[in-house]
Amino acid sequence: MSSSTADGFALSFAQQRLWFAHQLAPDSIAYNMYEAYRLLGPLDLDVLQTAVTSTVARHETLRTTFQSSRGVPHQVIGEPSVVVEEVADLDVVIGRSFALDRDPPLRVAVRPLGPDDHVLLVVMHHIVSDEQSMTAFWRDLSEFYRAQVTHTEAELAPLPVRYVDYAAWQRDWLSGGLLADELDHWRRELAGAPPVLELPADHPRPARQSDNRGTTSFTLPPSTVHAIGVTSRAVGATPFMTCLAAFAALLSKAAPADDVVIGTFAANRPAVEVEAIVGLFVNTLPLRVRVGTDPTFEDLLSTVRMAATDGIRHQEVPFDQVVTAMRPPRDLSRNPVVQVAFQSLQPLTGRVALPGVTATPHSAGQCGDPFDIRVSLRGAEGELHYAADLFTAETAAALAGWYVRIVTAAAESPTLRTTQLPQAH
């Protein structure tokens with residue numbers, strides 16, 4: 001099934017996009033994804049190394065390099081070679097770029113804090129990973145570690161397919177007539193949408209996007225989380241949709257705009273056979289939210305629910321294909337079609353389960369992204385990521401606080417109109 005040549009295996013379309021981005025900026029760390037956990041208890045570094053090697057052997061993507069022949073990229077699957085580093089500064093590991101043509105796209109590092117106190121860090125290049133992949137990696141690593149400690153066999157079923165099989169299937173699928181039909185959907189949905197969302201910025205927009213990013217954190221109060229659940233159930237929406245609708249309300253007031261396109265992310269794993277694979281499956285969905293003129297939050301939530309449901313139905317079309325179909329003006333200073341994004345992620349607690357060790361989340365994120373503003377929620381904990389070339393830390397913190405006030409007011413009183421929702425301070 002795998003699409004291969006004499007040189008190696010074909011890339012998926014998402015991988016191809018990131019490979020081209022890497023050619024333009026080989027030293028960029030924008031697509032470095034990382035998660036770190038504080039480990040209290042006796043950590044056996046030799047067992048950890050064996051577990052890492054077993055995990056890399058299980059997942060081909062983690063031992064893949066990306067070569068090219070006559071400008072055409074391909075994947076070359078190598079042998080497990082990831083060595084656990086013992087370091088004093090985790091930021092150095094996070095901030096080191098990957099040489100995708102020769103280095104494995106995975107790093108594992110440990111920072112000792114005491115005899116039974118460590119921070120365990122994993123860094124992956126996004127070209128082989130996404131949110132669900134991180135979950136799969138930690139599950140398998142934990143199981144291999146447990147099996148070593150207990151001298152038993154790891155209880156992991158063989159992976160039924162390889163990532164290169166998925167890449168080949170995707171290319172076959174996109175070569176058929178179904179792609180044209182799917183692209184017609186996105187053309188209709190985005191026809192006439194504003195090509196850019198102009199949020200008031202503190203600095204002039206540079207001619208080209210950079211990796212200069214900032215992050216500000218916020219927390220939703222317990223009463224707000226409860227109200228989000230109540231309102232969501234009352235209108236047949238999910239908490240994600242309710243939080244997304246509040247973000248749309250914020251954008252409509254901040255820009256201001258009555259028609260916004262918001263990027264969100266679909267897991268895009270089309271079959272159960274690929275659920276446990278480490279690889280890049282996630283796809284960007286450009287959701288168009290026609291806010292209109294001063295709707296109630298209930299009405300706005302209904303609009304968002306329809307847009308999100310519709311987008312999920314058509315999630316398999318690679319975002320790059322949508323961009324090509326829409327033919328936006330070439331502009332290196334901003335992301336095409338969508339300049340803002342919103343995502344809801346699973347909590348990090350419970351991902352790492354090593355015998356005799358208590359693991360708590362230490363840090364997680366991605367070093368960059370192409371959006372002016374991106375809001376990420378993990379339960380009640382949120383982060384607002386922003387282009388530091390455009391916005392100051394004070395402006396970002398003010399936006400995050402404004403979002404919390406809007407989602408709180410909207411969830412507690414969904415009959416309020418957008419003009420009645422909190423204004424900026």
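Helix H1 has twelve residues and runs 17 Å from its first C-alpha to its last, close to the 16 Å expected at 1.5 Å a residue. Keep in mind as you turn it around that you're looking at a predicted model. Several residues of H1 are buried, namely Phe-13, Ala-14, Gln-15, Leu-18, Trp-19 and His-22. What sits over them? The cover for the buried residues of H1 includes two strands, S2 (64–69) and S3 (72–77), along with helices H5 and H10.

Stay with H1 for a moment, since it also leads us to some empty space. Rolling a probe the size of a water molecule over the atoms shows where empty space is left. Here that search turns up three cavities of 30 Å³ or more. The largest cavity holds about 110 Å³, and H1 gives the largest share of its lining, three residues. Other elements pitch in too: H1 (13–24), H5 (163–174), strand S9 (283–289) and H10 (319–326) each supply at least two lining residues. If you want to find the spot on screen, pick out Ala-14, Val-282, Asn-283, Pro-318 and Phe-319, which lie nearest the centre of the largest cavity among its 14 lining residues. Ala-14 is also one of the buried residues of H1. As for chemistry, the lining of the largest cavity splits into eight nonpolar, four polar and two charged residues.

The second largest cavity comes in at about 60 Å³. Its lining is made up of Pro-194, Val-196, Leu-197, Asp-259, Val-260, Val-261, Val-337, Val-338 and Gln-339. Sorted by class, that gives seven nonpolar residues, one polar and one charged.

Now for open spaces. The second largest pocket has a volume of about 170 Å³. It is lined by 13 residues, and Pro-239, Cys-243, Ser-344, Leu-377 and Gly-379 are the closest to its centre. Helix H7 (222–235), helix H8 (239–254) and strand S10 each give two or more residues to the lining of this pocket. Ten of the lining residues are nonpolar and three are polar, with no charged ones.

Charges do turn up elsewhere. Side chains of opposite charge can pair when their charged atoms come close. Across the whole structure there are 21 salt bridges. A good one to start with joins Arg-351 and Glu-35, at 2.5 Å from N to O. Arg-351 sits in the loop between strand S10 (340–345) and strand S11 (358–366), while Glu-35 is in strand S1 (residues 32–40), so this pair ties together parts that are 316 residues apart in sequence. Both Arg-351 and Glu-35 are buried.

Arg-351 has a second partner: Glu-131 also forms a salt bridge with Arg-351, and here the closest N and O atoms are 2.4 Å apart. This is another link between distant parts of the chain, with Glu-131 in helix H4 (residues 131–150) and Arg-351 in the loop between S10 and S11, 220 residues apart. Are the two ends of this bridge buried or exposed? Arg-351 is buried, because its relative accessible area is 9% and the cut-off for buried is under 20%. Glu-131, at 22%, counts as partly exposed.

For a more local pairing, go to helix H9 (residues 297–313), where Arg-313 and Asp-310 lie three residues apart, about one turn of the helix. Their side chains meet in a salt bridge at 3.5 Å, N to O. Arg-313 is exposed, with a relative accessible area of 61%. Back at Arg-351, salt bridges that share partners join Glu-35, Glu-131, Arg-351 and Arg-378 into one network.

Asp-310 comes up again when you look at Glu-189, which is placed in helix H6 (residues 178–190). Apart from neighbours within four places in sequence, Glu-189 is in contact with Arg-288, Arg-290 and Asp-310. Glu-189 counts as buried, because its relative accessibility is 19% and buried means under 20%.

To finish, swing round to Pro-115, in the loop between strand S5 (106–114) and strand S6 (117–125). Pro-115 is exposed, with a relative accessible area of 78%. Try picking Pro-115 and Ile-77 together: they are 38 residues apart in sequence and 37 Å apart in space, C-alpha to C-alpha.

Methods: Residues are numbered from 1 along each chain as its sequence is written. This is a predicted model: local features need pLDDT of at least 70, side-chain atom pairs count only at pLDDT 80 or more; totals for chains, interfaces and linings use all residues. Side-chain values use heavy atoms; hydrogens and water are left out. On a 1 Å grid over the protein atoms alone, a cavity is a set of points where a 1.4 Å probe fits but cannot get out, and a pocket is an open set with protein on both sides within 12 Å along at least five of seven lines; lining residues have an atom within 4 Å of a point. Grid points are joined across faces, edges and corners, and a volume is the space filled by probe spheres set on the points. Helices (H or I, at least four residues) and strands (E, at least two) are DSSP runs, numbered from the N terminus. Ala, Val, Leu, Ile, Met, Phe, Trp, Tyr, Cys and Pro count as nonpolar, Asp, Glu, Lys and Arg as charged, and the others, Gly among them, as polar. A salt bridge is a side-chain nitrogen of Lys or Arg within 4 Å of a carboxyl oxygen of Asp or Glu. Buried means under 20% relative accessible area, exposed over 50%, partly exposed in between (1.4 Å probe, protein chains only). The expected span of a helix is 1.5 Å times one less than its number of residues. Contact means heavy atoms within 4.5 Å.
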